[in-house]
Amino acid sequence: MQPFRFVDLFAGLGGFHLALSRMGGVCVFAAEWKEPLRELYEANFGLKPEGDIRKIHPKDVPDHDVLTAGFPCQPFSKAGEQLGFECTEQGNLFFNVAAILKEKRPTYFILENVPNLLKHDNGRTWEEIQKILGKDKPGLGYNIRAERLSPHNFGIPQIRERVYIVGSLQSLDDFHWPTTSDVETNIGAVLDDNPSDAKQLSTRVKECLEVWDEFLKACPPDVDLPSFPLWSMEWGATYPYEATTPHARRKLLGIDGLKGFKGSHGTKLGYLRGLEERWAALPSHARTPEMEFPKWKQDFIRQNRKFYQDNKTWIDPWLPKILKFPSSLQKFEWNIKGGERNIWEYVIQFRASGVRVKRRTTAPSLIAMTDTQVPIIGWQKRYMTPRECARLQSLDTLKELPKSPSQAFAALGNAVNSNVVEMVAQALLLTQHGTDATSELVATQRRVSEVF
């Protein structure tokens with residue numbers, strides 16, 4: 001197709017830049033507020049991004065054909081407070097994107113965000129975005145489509161669902177999202193064999209995983225390990241959680257509100273003298289200031305207590321071994337239904353929600369992670385390296401990554417997957433430019449699948 005001009009907003013590591021430049025696009029403007037990433041972007045692409053987009057007047061952005069933006073997702077993410085547009089730090093940055101679209105009128109745009117954007121605030125956030133960008137007045141006049149896509153849909157071994165929003169001033173009647181498939185992936189496609197620069201597991205991490213491996217071995221073969229998260233602190237707990245909550249009882253009755261109940265791992269709350277001591281002996285998920293727990297939390301508590309009651313004869317001898325670890329490591333997610341009960345055969349990740357174990361088919365979704373949340377390759381007893389994680393994001397062709405591993409992991413967790421972006425961009429741009437669109441898109445999808 002003909003060369004085109006694009007801008008790269010919230011540029012990060014440059015996933016949009018890589019994707020569109022492979023299609024013949026020329027980046028005429030980029031913006032990124034983190035100075036180390038601005039310098040790295042210049043080293044990789046020969047163009048230094050401008051800084052804070054809030055300080056850039058839309059008129060100063062060069063004319064362009066395509067606007068791309070992976071605008072900050074934290075305000076809409078389930079993992080955060082979900083403040084959306086009310087998040088004064090990041091949530092309203094979407095309006096800066098809209099202001100540039102209004103001023104420069106590029107023919108196309110491609111936006112990327114977390115899938116929860118479509119459901120945020122009961123769908124009202126997405127409705128507002130459509131009103132601002134859409135065809136109906138006072139919208140900006142764009143035809144809009146949105147779809148959830150994940151790298152694993154295209155043979156890349158990472159489950160990382162994101163919503164892609166495309167817009168065009170032209171008709172989208174002939175637009176079709178790139179074809180997805182259920183082809184089985186394997187994380188081995190992105191791994192090096194025992195790389196020398198891989199971070200090794202700490203003594204505490206090894207010990208924690210060994211304790212959970214003992215749990216797997218202790219579980220009788222005829223007992224199915226559940227797919228819901230295992231919260232060991234609920235095993236022996238009796239505090240109320242359905243008709244009321246610890247917070248509600250504390251507010252109503254003070255210190256006596258928790259008397260007679262058991263907290264984490266069966267701790268008798270009445271034996272603790274002070275209110276704060278009793279409060280601290282509850283699981284962290286039970287100390288939230290809620291008068292009523294949401295249904296999902298009630299369900300998890302109920303399921304965990306029943307699992308314990310049905311299996312306490314073999315759980316009780318094991319239970320004391322987990323007490324030395326912080327609460328986040330006392331939770332366990334076994335996503336290997338029917339698989340061999342050996343924790344070291346799988347991909348592991350330490351999350352705030354617990355220790356998560358997954359099959360070798362895919363890596364967990366990369367997040368803007370700390371070093372300790374990087375996926376663990378169990379059979380090599382090590383963490384993934386930044387370069388391996390870059391392959392998961394289809395960013396391994398970058399000349400440079402951040403020098404510090406922690407900065408590299410954080411940047412990769414915030415990045416867009418360049419191969420997925422390329423296929424979305426081709427589906428959008430090529431359908432408007434003649435009959436070769438389908439063949440070019442198929443060729444790209446074949447290239448991606450052959451890499452993995």
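**Two sheets and their helices, by definition**

Biologist: Why are α1 and α11 described as oblique to each other?

Modeller: Their axes cross at roughly 50°. Angles under 35 degrees count as roughly parallel, over 145 as roughly antiparallel, 65 to 115 as roughly perpendicular and the rest as oblique. The crossing of α1 and α11 falls in that last group, so the two are oblique. Before we go on: this is a predicted model, in which local features need pLDDT of at least 70 and side-chain atom pairs count only at pLDDT 80 or more, while totals for chains, interfaces and linings use all residues. Residues are numbered from 1 along each chain as its sequence is written, and side-chain values use heavy atoms, with hydrogens and water left out.

Biologist: What counts as a helix here, and what is its axis?

Modeller: Helices (H or I, at least four residues) and strands (E, at least two) are DSSP runs, numbered from the N terminus. Helix α1 spans residues 15-22, and α11 spans residues 418-430. Axes are lines fitted to C-alpha atoms, for helices over the stretch in contact, with angles from 0 to 180 degrees between N-to-C directions. The axes of α1 and α11 come within 8 Å.

Biologist: Which residues make the contact of α1 with α11?

Modeller: Contact means heavy atoms within 4.5 Å. G15, F16, L18, A19, L20 and R22 of α1 meet S418, N419, V421, E422 and A425 of α11. By class, that gives six nonpolar, three polar and two charged residues; Ala, Val, Leu, Ile, Met, Phe, Trp, Tyr, Cys and Pro count as nonpolar, Asp, Glu, Lys and Arg as charged, and the others, Gly among them, as polar.

Biologist: What makes α3 and α4 roughly parallel?

Modeller: The axes of α3 and α4 (residues 124-133) cross at roughly 15° and come within 11 Å. That angle is under 35 degrees, so α3 and α4 are roughly parallel to each other. F94, F95, A98 and L101 in α3 meet I129, I132 and L133 in α4. The residues of this contact are seven nonpolar, no polar and no charged.

Biologist: How do you know which strands are at the edges of the sheet with β2 and β5?

Modeller: Two strands pair if DSSP finds at least two bridges between them. The order is β2-β1-β3-β4-β6-β5, an open sheet of six strands with mixed pairing. β2 (25-31) and β5 (143-149) each have a single partner strand, so one side of each is left without a neighbour in the sheet. Seven bridges join β5 to β6 (residues 162-168), and these two run antiparallel. E147 stands opposite Y164 in β6. Helix α3 (residues 94-104) lies across β1, β3 and β4, running at about 175° to β3.

Biologist: Why are F215 and F332 called an edge-to-face pair?

Modeller: Rings of Phe, Tyr and Trp (its six-membered ring) pair if their centres lie within 6.5 Å; planes under 30 degrees apart count as stacked, over 60 as edge-to-face and the rest as tilted. F215 and F332 have 6.3 Å centre to centre and 70° between the planes, an edge-to-face pair. F215 lies in α5 (residues 203-218) and F332 in β8 (residues 331-334), so the pair ties together parts that are 117 residues apart in sequence. A search of the whole structure finds 20 aromatic pairs.

Biologist: Where does β8 sit in its sheet?

Modeller: β8 stands between β7 and β10 in the order β7-β8-β10-β9-β11-β12, an open sheet with mixed pairing.
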